[in-house]
Amino acid sequence: MNEHVDAVLATAPENGNGSNAGAAAPAGEARNPLLAALGDRVRNLRAQRGLTRKAVAIAADVSERHLANLEYGIGNASILVLQQVAGALHCSLAELVGDITTSSPEWLLIRELLENRSETDLRRVRVALGELLGTASVDPARHRRIALVGLRGAGKSTLGQMLAEDLELPFIELSREIEKLAGCSVREIHDLYGTNAYRRYERRALEEAVQIYSEVVIATPGGIVSDPATFNELLAHCTTVWLQAAPEEHMGRVAAQGDTRPMAASKEAMEDLRRILNGRAAFYSKADLSVDTSGRTLAQSFQALRAATRQSMGLLDG
């Protein structure tokens, strides 16, 4: 940014409410849409709080010129500066950058009610919202659809097939259904069309499975929890079981199958796997049931899974 533009922005007069009357970017300056939207939010937040640019600049410990650049959408501020500006405006960084929960007064009021609540309280709210909005788990077949979730190597395919045979139910692997819909492998979907396309196929495959089967055991892809809409669909229509295992066992089982993807190319393979597991564990924990297969043989793991699911389904253990 040239010095002339900086000077123009720094000295632009403000009207009584602390914003620039008829403010516009200097001629010839192309504004990045993202930075322009960020600047609009900063100005609006400042106006809402009745603060002058000088007052915000002092509180944020940045120059007025720097703040002016930010407000006009021609200043690419660092994340630390944005954090300081957010503090000066008495708002969260999420509100400053435009998180969806800051897009309206109702969103903000709802978010305020939910802040600092426990996971148990948040779950109760989610269930209550589902009932209020008509998206709650009212599917009468839900208890007869068993969906296994967890990382690759958890045993979803092997244990799922065994469970389906024991319960005399159909068994499907959602990954295979995704490939049927796409007409190519999961890897090809990612390579050719990208992650967003894969998520769309995943959602469609799940919806079709729910429509076709009122009784079934489903082995889901490990990343199905990454898309909240698809995971909500799964929770609403299936009894979910998280197959847990230690990271070392996940890695060992996948390697034993002769498939070291996607970790083989990374020297930090185990650390990568731990990070993925840590990132998804909070979502996996939303499952109705959990079965830890760590340190157990296949037979022991199956017996634990069988007992948990039969009890959930109200079946006598025979």
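Buried means under 20% relative accessible area, exposed means over 50%, and partly exposed is anything in between (1.4 Å probe, protein chains only). Keep that handy and select Cys238: at 0% relative accessibility, it counts as buried. Cys184 is buried too, because its relative accessibility is 13%. As for disulfides (pairs of cysteine sulfur atoms within 2.5 Å), the structure holds 0 of them.

**Before you click further**

This is a predicted model, where local features need pLDDT of at least 70, side-chain atom pairs count only at pLDDT 80 or more, and totals for chains, interfaces and linings use all residues. Residues are numbered from 1 along each chain as its sequence is written, and side-chain values use heavy atoms, with hydrogens and water left out.

**The whole view**

Show everything as a cartoon. You'll have 16 helices and 5 strands on screen; helices (H or I, at least four residues) and strands (E, at least two) are DSSP runs, numbered from the N terminus. Of the 318 residues in the protein, 40% are buried. Switch on the surface, and the accessible area comes to about 17400 Å², with 53% of it belonging to carbon and sulfur atoms. That area comes from the Shrake-Rupley method with a 1.4 Å probe; for residues, only the protein chains shown count as cover. Now think about contacts, meaning heavy atoms within 4.5 Å. Among those between residues at least 6 apart in sequence, 69% join residues at least 24 apart.

**Stop one: the sheet**

Select the strands. In what order do the 5 strands sit in the open sheet? The order is 2-3-1-4-5, and the pairing is parallel. Strand 2 and strand 5 are the edges, each pairing on one side only. From one strand to the next, the twist averages 20°. Two strands pair here if DSSP finds at least two bridges between them.

Next, pick strand 3, residues 216-219. Val216 and Ile218 point one way, Val217 and Ala219 point the other way, and all are buried. In a regular strand the side chains alternate between the two faces of the sheet.

Then look at what flanks strand 3:

- Strand 1 (residues 145-149) runs parallel to strand 3 and is joined to it by 4 bridges.
- Within that pairing, Ile146 stands opposite Val217, and Ala147 has Ile218 as its bridge partner.
- Strand 2 (residues 171-173) also pairs with strand 3 in the parallel sense, over 3 bridges.
- Here Phe171 stands opposite Val217.

**Stop two: salt bridges**

Show side chains as sticks. A salt bridge is a side-chain nitrogen of Lys or Arg within 4 Å of a carboxyl oxygen of Asp or Glu, and the structure holds 17 of them.

Start with Arg46 and Glu71, whose closest N and O atoms are 2.6 Å apart. Arg46 is in helix 2 and Glu71 in helix 4, so the pair links parts of the chain 25 residues apart. Buried or exposed, what are Arg46 and Glu71? Both Arg46 and Glu71 are buried.

Now go to Asp288 and Arg142, which meet in a salt bridge of 2.9 Å, N to O. Asp288 lies in the loop between helix 15 (269-284) and strand 5 (289-292), while Arg142 lies in the loop between helix 8 (119-133) and strand 1, 146 residues apart. Asp288 counts as partly exposed because its relative accessibility is 32%, whereas Arg142, at 19%, counts as buried.

For another one, select Glu173 and Arg176, with closest N and O atoms 3.9 Å apart. Glu173 is partly exposed at 25%, and Arg176 is partly exposed at 39%. Finally, add Arg53 to your selection: salt bridges that share partners join Arg46, Arg53 and Glu71 into one network.

**Stop three: helix 4 and a loop**

Select helix 4, residues 64-72. Which of its residues are buried? They are Leu67, Ala68, Asn69, Leu70, Glu71 and Tyr72. Right after helix 4 comes Gly73, with a positive phi, near 75°.

Last, find Leu51 in the loop between helix 2 (33-48) and helix 3 (53-60). Leu51 has a relative accessible area of 23%, so it is partly exposed. Draw a distance from Leu51 to Leu89: the two are 38 residues apart in sequence and 8.3 Å apart in space, C-alpha to C-alpha.

Terms used: Axes fitted to C-alpha atoms, helices over the stretch in contact; angles between N-to-C directions.
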